[in-house]
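Reader: Before we discuss this model, could you put the sequence and the structure in front of us, so that each point can be checked as we go?

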Amino acid sequence: QVLLVQSGGGLVQAGGSLRLSCAATGSNFNLNAIETMGWYRRAPGNQRELVASITSSDSTNYAESVKGRFTVSRDNRKNSVHLQMSGLKPEDTAVYYCRAHDTYGRTVWGQGTQVTVSS
């Protein structure tokens with residue numbers, strides 16, 4: 001079983017930057033099966049939505065609202081994924097979740113981390 005541990009996040013003023021990280025741990029068998037890693041977020045009163053994702057071949061996908069401001073990257077050797085957020089806006093305030101999906105159809109979520117952007 002894969003476990004995702006998130007770090008980063010916090011409080012920042014509008015226009016500022018933050019970096020989120022997520023490290024996957026588990027057996028080599030399970031880690032090597034991870035295909036897609038990414039970030040989702042849930043703002044108060046809203047459903048969880050995709051922010052950005054990246055495949056094992058470094059193909060990326062971004063929500064329209066974060067394109068040009070957020071960058072997702074992945075270190076396959078370290079089984080980690082990062083989200084560099086810049087130009088943050090108050091509407092980016094949410095709990096951010098790391099997600100991993102593997103070739104066997106299994107999905108694992110991180111514990112979530114709060115990002116708060118003040119105006």
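**A buried arginine and its surroundings**

Author: This is a predicted model, and a good place to begin is Arg 41, which has a relative accessible area of 6% and is therefore buried.

Reader: In which strand does Arg 41 lie, and which side chains make polar contacts with the side chain of Arg 41?

Author: Arg 41 lies in strand E4. A polar contact of 2.9 Å joins its side chain to that of Tyr 96, and a further polar contact, at 3.0 Å, is made with the side chain of Asp 92. The strand asked for is thus E4, and the partners are Tyr 96 and Asp 92.

Reader: Is Tyr 40 buried or exposed?

Author: The cut-off for a buried residue is a relative accessible area under 20%. Tyr 40 has a relative accessibility of 19%, so the residue counts as buried.

Reader: How many aromatic pairs does a search of the whole structure find, and what is the angle between the planes?

Author: The search of the whole structure finds one aromatic pair. Its members are Tyr 40 and Trp 109, whose rings lie 5.1 Å apart from centre to centre in an edge-to-face arrangement, with the angle between the planes being 75 degrees.

Reader: Why can this pair be said to tie together parts that are apart in sequence?

Author: Tyr 40 belongs to strand E4 (residues 34-42), whereas Trp 109 belongs to strand E10 (residues 107-109), so the pair ties together parts whose separation in sequence is 69 residues.

Reader: Over the face of which ring does Arg 48 lie at 3.8 Å from the ring centre, and over which ring does its charged end sit at 4.9 Å?

Author: At 4.9 Å from the ring centre, the charged end of Arg 48 sits over Tyr 97. At 3.8 Å from the ring centre, Arg 48 lies over the face of Trp 109, a residue that counts as partly exposed because its relative accessibility is 31%. The rings are therefore, in the order asked, those of Trp 109 and Tyr 97.

Reader: Which cysteines does the disulfide join, and how many residues apart are they?

Author: The count comes to one disulfide, which joins Cys 22 to Cys 98 with an S to S distance of 2.1 Å. The link is left-handed, with -80 degrees about the S-S bond, and both Cys 22 and Cys 98 are buried. Cys 22 is in strand E3 (residues 18-25) and Cys 98 in strand E9 (residues 94-102), so that distant parts of the chain are linked and the separation is 76 residues.

Technical notes: Residues numbered from 1 in each chain as written. Predicted model: local features only at pLDDT ≥ 70, side-chain atom pairs only at ≥ 80, totals over all residues. Heavy atoms only, no water. Disulfide = S-S within 2.5 Å. Helix = DSSP H or I, 4+ residues; strand = E, 2+ residues; numbered from the N terminus. Buried < 20%, exposed > 50% of the residue type's maximum accessible area, 1.4 Å probe, protein only. Phe/Tyr/Trp six-rings, centres within 6.5 Å; stacked < 30°, edge-to-face > 60°. Lys NZ or Arg CZ within 6 Å of the ring centre and 35° of its normal. Polar contact = N/O pair within 3.5 Å; in protein donor to acceptor, adjacent residues only side chain to side chain.
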